[in-house]
Amino acid sequence: MGALEDFVVRLFHHVSPALKEQNIVFDRTHRAGRPARTPGQAQDILTCLHYYKQQVIMATVRDTASIEFKGHQIGLFQDLLMIMLQRTLIRDQFIVIAARQNAAGSNKRQQLEDDIRVQEVAHRQTWSLATMRQLTAHQKQLRALDEDKAVYALLRTKQKFYAGKNRAGCLLAHRLRTQARERRVAELWLPDGTLICQEELIHQQFERFYSDLYPTKEIDHKGMEDCLDSAPVAQLPPVDSAT
């Protein structure tokens, strides 16, 4: 039993002495929301009692505003306070909104990258002023997204850096992960002059290149011996033992 569970058991025994501590069993008990950051700030604790002991305890404190226990003023309630429910609801809404914004930003970035690849190919094949203007506009939008992402990453990196007690290893690891994630081949020219932008095709080309670069063939030992035997090799003059 942890410190929180032991505290709750002793509190309920203090409220209702008729209940023995070994008979006070609850399904779960945990803190609700974030822990108190300043001394004296209230902290909500949720407890689900077993064996229907809740009615006995609540009947004891029904007419009591608060209970003093171990120097703390504690209030017992049948359910969560309305303000706690509002905080939980607002937090869930923030999470949903942030997830939607992240998904929308990722989709917009992916769409811009695809449009830029297509327009770059069209611009190389057939130059036109309209295509160049569209390409420039899309590149400008993509740079704006990159700037916003860089600013957010910098602020988050600083936050983690100071939260990690200025450990240089955390900052270096973050930079390495970012570089590994953003380092990729966007396009590849084939020997026949074809430009490919699909990641799967690029991966296949690299795989084919390295498989052909190091082929697994049997070694011709006889040919190697014949080549070495026929090679002109200068011989050293015999050494005179008298000298």
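A salt bridge is a side-chain nitrogen of Lys or Arg within 4 Å of a carboxyl oxygen of Asp or Glu, and the structure holds seven salt bridges. This is a predicted model, in which local features need pLDDT of at least 70 and side-chain atom pairs count only at pLDDT 80 or more, while totals for chains, interfaces and linings use all residues. Residues are numbered from 1 along each chain as its sequence is written, and side-chain values use heavy atoms, with hydrogens and water left out.

**Exercise 1.** Find the salt-bridge partners of R109, and state where each partner lies.

*Solution.* Begin with E113, whose closest N and O atoms to R109 are 3.3 Å apart; both residues lie in helix α3 (residues 82–125), four residues apart, about one turn of the helix. Helices here are DSSP runs (H or I, at least four residues), numbered from the N terminus. Next take D146, where the closest N and O atoms are 2.3 Å from each other. Because R109 lies in helix α3 and D146 in helix α4 (residues 129–163), this pair ties together parts that are 37 residues apart in sequence.

**Exercise 2.** Decide whether D114 and R117, which meet in a salt bridge, are buried or partly exposed.

*Solution.* Recall first that buried means under 20% relative accessible area, exposed over 50%, and partly exposed in between (1.4 Å probe, protein chains only). D114, with a relative accessible area of 29%, is therefore partly exposed, whereas R117, at 12%, counts as buried. Finally, salt bridges that share partners join R109, E113, D114, R117 and D146 into one network.

Methods:
Helices (H or I, at least four residues) and strands (E, at least two) are DSSP runs, numbered from the N terminus.
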